[in-house]
Amino acid sequence: MATTDTDQEYMALALDLARKGLGRTSPNPCVGAVIVREDKIVGSGYHRRAGTPHAEIHALHQAGSLASGSTLYVTLEPCNHTGRTPPCSHAVAESGINRVVMGMLDPNPLVAGGGRQYLIDNGIEVATGVLEPACRRLNEVFIKYITTKRPLVVIKAGVSLDGRLNYQKGCSGWITGPDSLLKVHQLRDCYDAILVGRGTVEIDNPSLTTRLQDSRGRDPLRLVVDSHLSISPDARMLNQQSEAETWIFCTSRASLEKRKALERKGARIFEVNGTEEGRVNLTAAMALLGEKQITSVLVEGGGAVFSALLAARLADKVQLFNAPLFAGSGGESLTADLQLAGRDEAVRLTDVDYTGMGEDLLVEGTIVYPQN
C-alpha cells in the first residue's frame with residue numbers, strides 16, 4: 001500500500017517515542033506507537049521495560065474509543081504470539097483501527113510477518129517499510145540478538161592521534177576530554193553490559209558505573225575477562241554501591257582459592273573454554289552471554305581484548321573517541337596484538353559517522369571483515 005509524507009512524519013514521532021526505551025527494554029526491542037484520527041494524535045506510547053505492556057497497548061489505552069477508524073503508526077511489526085504479554089496484533093484488530101503503518105517487520109522468528117498477516121486477514125490495511133533504515137538502526141541490538149542469540153559487541157575507546165590508549169604501558173592516563181567522558185556515561189546507560197580485561201582493572205581500577213548529572217543512569221552489568229582470576233578482591237568495582245553485578249570469565253587454570261575470594265565479594269565466576277594460549281575463549285564467553293539474554297556489550301578495554309575480539313570477528317561496531325594529541329610510543333596501542341599481513345586483510349568500517357565532542361572527534365561505524 002502506498003505511503004505519504006504524512007506517514008513519514010508520524011513515524012518519525014513514533015521513533016522519538018521508541019528511543020525513550022533505549023537501555024531499558026532488553027531483551028525486547030525498543031518500540032514506539034502513535035494513533036492518528038482525522039489528522040490528530042489520539043494516543044501514543046512506547047515500550048518501557050521487558051515484561052510490561054508494549055507500545056501499541058499504551059497507545060490504545062490512551063486513545064480509548066477514538067482508536068476505532070484511526071491509523072496506527074508503529075516502528076516494529078506488532079507481535080502475534082503470547083510471551084509475557086498477550087499478542088498486540090489481536091488488540092489492534094479488536095480496537096477497530098482500520099490502517100496500520102509499520103516501520104519494519106519483526107526479525108523474531110516467532111513473529112516473522114505473522115503480525116502483519118493477522119492484521120490483513122482481519123481486514124486492516126497495512127503498509128510497511130516507512131523510515132525502515134532508521135527503525136532498523138534503532139533496534140540493531142535486538143536484530144543481532146534475536147537472529148544469532150549473541151549480543152551486539154561495540155568496541156569503545158579513547159585514543160590519541162597515534163593510536164594510543166595511554167601515555168605509558170601499565171599506567172593509567174586519560175586521553176580524551178570532558179565532552180567525551182559525558183558521552184561515555186550516556187552510552188553505558190544504553191548497554192546491557194560493559195566488558196574489560198584484567199589489565200584495565202589492575203591499571204585503572206575503574207568503577208564501571210554510569211554517572212550522569214540527573215542521577216537517573218542505570219549501571220550496566222560489569223564483565224571482566226581474567227583467565228587466571230588475577231584481579232584483587234579489593235578492586236573498586238567489587239567494593240561500591242551498585243545494583244549491577246560483576247561477572248568474571250576465567251579458564252580452568254584459575255585457582256579455587258582465588259575464585260572463592262572473589263565470590264565472597266559478590267562476583268559471579270564463569271569458567272569457559274580456554275584458547276591454545278590459555279586465555280579465555282571470547283567466542284564461548286559471548287555464547288554464554290547470549291544464553292543469559294545479555295543483548296549488548298560495550299567493550300572498554302584494553303588493547304589485548306580489542307585485538308582478540310577483532311581477530312575472532314566478534315566485534316560488530318566501533319566507537320572511537322579521538323583526541324587531538326600525540327601520546328608517544330610508550331603508550332598501549334589500540335590493537336597491539338592484531339597482526340595483519342596487508343591491506344586486503346584490513347578490518348574496515350562502513351556507515352561511518354563523525355561527531356565533534358568538544359576538542360575530540362567521535363568516529364562510529366559498523367565493522368566489515370575481509371572476505372578471505
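Reader: Hi! Which residues does T75 touch, leaving out those up to four places away in sequence?
Author: Hello! T75 touches M11, A14, L15, A18, C30, V31, G32, G103, M104 and C135, where contact means heavy atoms within 4.5 Å. This is a predicted model, in which local features need pLDDT of at least 70 and side-chain atom pairs count only at pLDDT 80 or more, while totals for chains, interfaces and linings use all residues. Residues are numbered from 1 along each chain as its sequence is written, and side-chain values use heavy atoms, with hydrogens and water left out.

Reader: Thanks! Is T75 buried or exposed?
Author: T75 is buried, because its relative accessible area is 2%. Buried means under 20% relative accessible area, exposed means over 50%, and partly exposed is in between (1.4 Å probe, protein chains only).

Reader: And where along the chain does T75 lie?
Author: T75 lies in the loop between β3 (71–74) and α3 (88–95). Helices (H or I, at least four residues) and strands (E, at least two) are DSSP runs, numbered from the N terminus.

Reader: Switching to α2, why is that helix called largely enclosed?
Author: Helix α2 (residues 55–63) has 7 of its 9 residues buried, so the rest of the structure largely encloses it. The buried ones are A55, E56, I57, H58, A59, L60 and A63.

Reader: What do those buried residues pack against?
Author: The buried residues of α2 pack against β1 (32–37), β2 (40–46), β3 and α3. After α2 comes G64, whose phi is positive, near 60 degrees.

Reader: How many aromatic pairs are there in the whole structure?
Author: A search of the whole structure finds 3 aromatic pairs. Rings of Phe, Tyr and Trp (its six-membered ring) pair if their centres lie within 6.5 Å; planes under 30 degrees apart count as stacked, over 60 as edge-to-face and the rest as tilted. One of them is Y10 with Y73: the ring centres are 5.2 Å apart and the planes are at 35 degrees, so this pair is tilted. Y10 is in helix α1 (residues 5–18) and Y73 in strand β3, 63 residues apart, so to speak of distant parts of the chain being linked is fair.

Reader: What about W247 and F270, how are their rings placed?
Author: The ring centres of W247 and F270 are 4.9 Å apart with planes at 50 degrees, so that pair is tilted too. W247 sits in strand β9 (residues 246–250) and F270 in strand β10 (residues 268–271).

Reader: Which residues do ring pairs link into a cluster?
Author: Ring pairs link W247, F249 and F270 into a cluster.
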